[in-house]
Amino acid sequence: MQFFYTPDTCALASLICLIEAEAPFELCRIDFASEQQKSEAYLRINPKARVPALKVGSEVLTETPAILAYIAQAFPEAALAPSDALAFAQVQAFNSYLCSTLHVAHAHRMRGYRWADDHSAIEAMKAKVPQSVAACYTYIEQAVFEGPFVFGDAFTIADPYLFTIAQWMESDGVDPAGFPKLAAHRDRLRQRPSVVRALQEETT
Ligand SMILES: N[C@@H](CCC(=O)N[C@@H](CS)C(=O)NCC(=O)O)C(=O)O
């Protein structure tokens, strides 16, 4: 497998899971500074011009929830997701929320140009980020998070994904002190060997 990533992006969640699963893969770094995600060569891999992308044989998987679910199912011995269908769907519901709601709220800070051309509209979207992102964390802290992991005692594909996005709390203008369970989860995951290794590998 080839894993296409950029440091400090949502690709970290999939990298942690590849390491957890002890999956064989080659790391392929995409350089945002030179806009390599828009290069012809990368667009042939992922026409969406985004990371992450996971090449499995001749197939390319994109979208973090899909990549995480694939890793969990392709490497079942790593036990990264529940085998019960309903419990698995709950993990997918959570990861879909991170992908389609929390990550998108965060993207309004740096990528407002995706939704508007008008400078004042872009600035207004940026100004709303601390509030819209905090509302997502309030929902997760109060209605979802079981502890010590998202879904209780078992570490699942939901944990590295939440960890990855929660790394951006401060830069999104959200104070982690307002979310004690999520802040403790973030601290706990920072110590986990797969996370330590992923953070090292993505920057080397
Ligand atoms: N829904 C996608 C989002 C992927 C995405 O937006 N990735 C960002 C990095 S976090 C990216 O590649 N941005 C490059 C750009 O906007 O040019 C997923 O969850 O995998």
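These legends describe close-up views of a predicted model.

**View 1. The ligand sits in the largest pocket.**
Two domains meet the ligand here. Domain 1 covers residues 2–78 + 197–203, and domain 2 covers 85–192. Both give residues to the shell around the ligand, so the ligand lies between them. The protein covers much of this molecule's surface, as the next view shows in numbers.

**View 2. The shell around the ligand has 14 residues.**
Which of them come nearest? They are Q37, R50, V51, E63 and R114. By residue type, the shell divides into six nonpolar, four polar and four charged residues. The shell is thus a mix of the three types.

**View 3. Polar atoms of V51, T64 and R111 face atoms of the ligand at short range.**
V51 uses its backbone: a polar atom there is 2.8 Å from a nitrogen atom of the ligand. T64 uses its side chain instead, with a polar atom 2.9 Å from an oxygen atom of the ligand. R111 also uses its side chain, and the gap to a ligand oxygen atom is 3.4 Å. On its own, the ligand has 520 Å² of accessible area, and the protein covers 89% of that.

**View 4. A cis peptide bond joins V51 to P52.**
Omega is near 5° for this bond. P52 is found in the loop between α2 (40–45) and β3 (53–56). V51 has already appeared beside the ligand, as one of the residues that come nearest.

**View 5. A second loop holds another cis bond, from G147 to P148.**
Here omega is near 0°. Where does P148 lie? It lies in the loop between α5 (119–144) and α6 (158–166).

**View 6. E22 has a positive phi.**
E22 is a residue other than glycine, and its phi is near 55°. The loop that holds E22 runs between α1 (11–20) and β2 (26–29).

**View 7. T203 lies in helix α8.**
The helix spans residues 193–203. Which backbone atoms does the side chain of T203 reach? One is the backbone oxygen of L199, at 3.1 Å. Another is the backbone oxygen of Q200, which lies 3.1 Å from a polar atom of the T203 side chain. A longer span can be drawn from T203 to A85. These two residues are 118 residues apart along the chain, and their C-alpha atoms are separated by 36 Å.

Methods:
Residues numbered from 1 in each chain as written. Predicted model: local features only at pLDDT ≥ 70, side-chain atom pairs only at ≥ 80, totals over all residues. Heavy atoms only, no water. Near = heavy atom within 4 Å. Polar contact = N/O pair within 3.5 Å; in protein donor to acceptor, adjacent residues only side chain to side chain. Areas by Shrake-Rupley, 256 points an atom, 1.4 Å probe, with all protein chains shown as cover. 1 Å grid on protein atoms, 1.4 Å probe; cavity = no way out; pocket = protein on both sides within 12 Å on 5 of 7 lines; lining within 4 Å. Sits in = over half its atoms within 2 Å of the grid points. Nonpolar A, V, L, I, M, F, W, Y, C, P; charged D, E, K, R; others polar. Domains from an automatic or database assignment. Helix = DSSP H or I, 4+ residues; strand = E, 2+ residues; numbered from the N terminus.
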